[in-house]
Amino acid sequence: MILADTSTDISQKAHGAGTHGLTGTVPVTTSATAARQAVEVQNLEVFYGQHRAVHNVNLKINHREVTAFIGPSGCGKSTILRCFNRMNDLVKHCRVQGSVKIHGADIYARGTDVMELRKRTGMVFQKPNPFPKSIHENVAYPLRIHGVRGKAVIAEKVEKSLRLAGLWDEVKDRLHASALSLSGGQQQRLCIARAIAVDPDVLLMDEPCSALDPIATKTIESLINELSKTITIVVVTHNMHQAVRVAHQTAFFYMGNLVETGPTDKIFHNPVQHQTLAYVTGQFG
Amino acid sequence: MPSDITPAPTNFQHHEWGPRLVSALAKILCTAAAAVALLLLFVILGYMVWKGIGGLHWSFFTNLPLEEPMGMRNCIVGTVILAAIASLIGVPIGMLCGIYLAEYSPKGWSTAVIRLTLDVLAGTPTILFGVVVYQIVVVRPQNYNGWVGHISLWAHRVQSWLGITNGYSGWAGGLALALIMVPIIARATEEMLRLVPLSHREASAGLGASKAETLWRVVLPTAKAGIITGIMLAIARVAGETAPLFFTAFGNDTMVYNPNRQMPSLTEQIYNYSQSDDPHWRAQAWTASLVLVSMVLVFSAAVRIATRKRRIRTH
């Protein structure tokens, strides 16, 4: 479970009965025992030059659950997500303080192998971004760069990933066609297949459906549900209904602060903070 | 308060002549300029074909200048060898330089200076490159004073280590042409790499690829077509260079394959023959021009066909 503050387990105060019209289809985690944490964030601060984009965030993300990050634009949710695989390293003048542990290992410690970290934490971006290569080569790419050799081995892994991403039946007859010939939703599922090809522990999704139509969105959402059985998923979303549909846990961010976190049902139906209530009921956005 | 005053009916029949006149004029001027440019190009090419096609004979490709009937086999081979040497030196240096500028250089004044220098070099009269190579590679300096002398000294050490002789040679000609190619290829490569969207680089980095892997497997393949176009332009450009070769390759009336010797080229032969009083020689110069232009055209087309993207299957 997620804790906004490590000293208070707010989820223990959680009790159902929603009144705001949003009903979750995802069951709240049943086990109240200390679930294994996939990601543990402590005192995280992120600066862009002099501007502090993230203020002292403490957060725990459960193993093999879906966690949604919600909040208005510019609240820092994507920035935090990009700390989990150190994509912020690529941004000039971006500075990160505090610690982020993935399965216990501090990823900002000296000597961290960032390539290996990014292999362990796949990322799916807002806009589908397949390479201008064939469908097969897109999924084979991470395998190749991580040293997988042999045509048969790669072909087998590509098929497995495409099956997991629910794309295999649609593309099995044209694996060598350009990935750019696919529809937007198919391209995004291809990107998911590419991200899970090297069996990551954590999948980071940065508004994965914001460029997709409702039908493609629905497909991706059920894929997220399916994948969360084996992979920890963190999904940043602008769409509150999506958080309700896919996430076990939800974290609400506002102006670079983590306002509240807990089981999705509680965040949407019985939040502790008035800011959370105002946001989930659409009073601002 | 709801208003019951209806707006005055808009008169869509009212014509403003000013804007219409300006846009009509702009269209006419642009079209006319394009027509003039195309016309000039076709006049030049047409004149060349008309003057040159008469001399187009098998003997032109099989005979040497001093044989009867005259031919330019040695010049055709020489031009190919010179362009090949220039490409061998200029393409890797130019591409690496472009990659440095687009991917590795710090954003700041130093990069701006490099870019400006390259742009200036790309516009420098090419005879200068001939003179520089002449000074450093061709002539054996009598003394090694000053910094030019030091460069000369080291150039000669490298030269003798590589087994390249002093004096006019194919190597010197190729080097001069390579210097012309570098800024063109560097800037073309840089521009093409900058066009590759950030999302490709992010996707690759997000999968755990290093910068070099991303560059080699994603960025360069994406920019490939544009970079190849830039290289082709550079090769076409140096294949038509004359002045720098006078100081470096110098020319030869015999068949030469060894770049350590003076090297003939089509452009130089065109220059020499076009100055002649003999109408037969001047006709040969026109034929040589036609052959040179055709060679560049065929080469460009061949490279394009060989490297073009395989057609995307959509089903």
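Of the 285 residues that make up chain A, 54% count as buried, and I should say straight away that this is a predicted model, so everything I describe comes from computed coordinates. The secondary structure of chain A comes to ten helices and ten strands. If we take the contacts in chain A with a separation of 6 or more, residues 24 or more positions apart account for 71% of them.

Let me turn to the interior. Which residues have the most contacts inside the largest nonpolar core? That core has 49 residues, and the ones with the most contacts inside it are A:Ile135, A:Leu162, A:Leu190, A:Ile192, A:Leu203, A:Met205 and A:Phe268. If you pick out A:Ile192 on the screen and set aside residues up to four places away in sequence, you will find that A:Ile192 touches A:Val124, A:Leu203, A:Met205, A:Ile220, A:Leu223 and A:Leu227. There is also a second, separate core of 32 residues, and its members include A:Leu44, A:Cys83 and A:Phe125, together with B:Ala205 from chain B.

Two of the core residues I named, A:Ile135 and A:Leu162, lead us to a pair of helices in chain A, since A:Ile135 belongs to H3(A) and A:Leu162 to H4(A). Helix H3 of chain A covers residues 135-145, while helix H4 of chain A covers residues 151-164, and their axes come within 9 Å and cross at roughly 110 degrees. An angle between 65 and 115 degrees counts as roughly perpendicular, and H3(A) and H4(A) are therefore roughly perpendicular to each other. Their crossing is right-handed. On the H3(A) side the residues that meet the partner are A:Ile135, A:His136, A:Val139, A:Ala140, A:Leu143 and A:Arg144, and on the H4(A) side they are A:Ile154, A:Ala155, A:Lys157, A:Val158, A:Ser161 and A:Leu162. When you look at lists like these, it helps to remember that an α-helix has 3.6 residues a turn, so residues three or four places apart point the same way.

H3(A) also packs against a helix of chain B, namely H9(B), residues 211-239, at an angle of about 150 degrees and with the axes 12 Å apart. Because an angle over 145 degrees counts as roughly antiparallel, that is the description that applies to H3(A) and H9(B). H3(A) passes H9(B) in a right-handed crossing, and the contact is made by A:Tyr141, A:Arg144 and A:Ile145 on one side and by B:Glu213, B:Thr214, B:Arg217 and B:Val218 on the other. You may notice that A:Arg144 appears in the contact with H4(A) and again in the contact with H9(B).

Is B:Leu233, which lies in H9(B), buried or exposed? B:Leu233 is exposed, with a relative accessible area of 58%, because the cut-off for exposed is over 50%.

Staying with chain B, helix H8(B), residues 198-206, is mostly covered, with seven of its nine residues buried. Those buried residues are B:His200, B:Arg201, B:Glu202, B:Ala203, B:Ser204, B:Ala205 and B:Gly206, and B:Ala205 is the residue we met in the second core. Just after H8(B), B:Gly208 takes a positive phi of about 95 degrees.

One more helix pair in chain B deserves a look, H5(B), residues 127-138, and H7(B), residues 170-195, which pack at an angle of about 135 degrees with their axes 9 Å apart. That makes H5(B) oblique to H7(B). The contact is made by B:Phe129, B:Gly130, B:Val133, B:Val137 and B:Val138 of H5(B) and by B:Ala172, B:Leu175, B:Ala176, B:Leu179 and B:Ile180 of H7(B), and this crossing is right-handed.

I will finish with two polar residues in chain A. A:Asp213 sits in the loop between strand S7 (202-206) and helix H7 (214-227) of chain A, and A:Asp213 is partly exposed, with a relative accessible area of 44%. What does its side chain reach? The side chain of A:Asp213 reaches the backbone nitrogen of A:Ala216 at 2.9 Å, and a polar atom of that side chain lies 3.0 Å from the backbone nitrogen of A:Ile215. A:His269, for its part, lies in helix H9 of chain A, residues 264-269. A:His269 counts as buried at 10% relative accessibility, because buried means under 20%. The side chains of A:His269 and A:Asp265 are joined by a polar contact of 2.7 Å.

Technical notes: Residues are numbered from 1 along each chain as its sequence is written. Chains are lettered from A and ligands numbered from 1 in the order in which they are written. This is a predicted model: local features need pLDDT of at least 70, side-chain atom pairs count only at pLDDT 80 or more; totals for chains, interfaces and linings use all residues. Side-chain values use heavy atoms; hydrogens and water are left out. Buried means under 20% relative accessible area, exposed over 50%, partly exposed in between (1.4 Å probe, protein chains only). Helices (H or I, at least four residues) and strands (E, at least two) are DSSP runs, numbered from the N terminus. A polar contact is a pair of N or O atoms within 3.5 Å; within protein, one must be able to donate a hydrogen and the other to accept it, and residues adjacent in sequence count only if both atoms are side-chain atoms. A nonpolar core is a set of buried Ala, Val, Leu, Ile, Met, Phe, Trp, Tyr and Cys residues joined through side-chain atoms within 4.5 Å. Contact means heavy atoms within 4.5 Å. Axes are lines fitted to C-alpha atoms, for helices over the stretch in contact, and angles run from 0 to 180 degrees between N-to-C directions. Angles under 35 degrees count as roughly parallel, over 145 as roughly antiparallel, 65 to 115 as roughly perpendicular and the rest as oblique. A crossing is left-handed if the near helix is turned anticlockwise from the far one by less than a right angle, and right-handed if clockwise.
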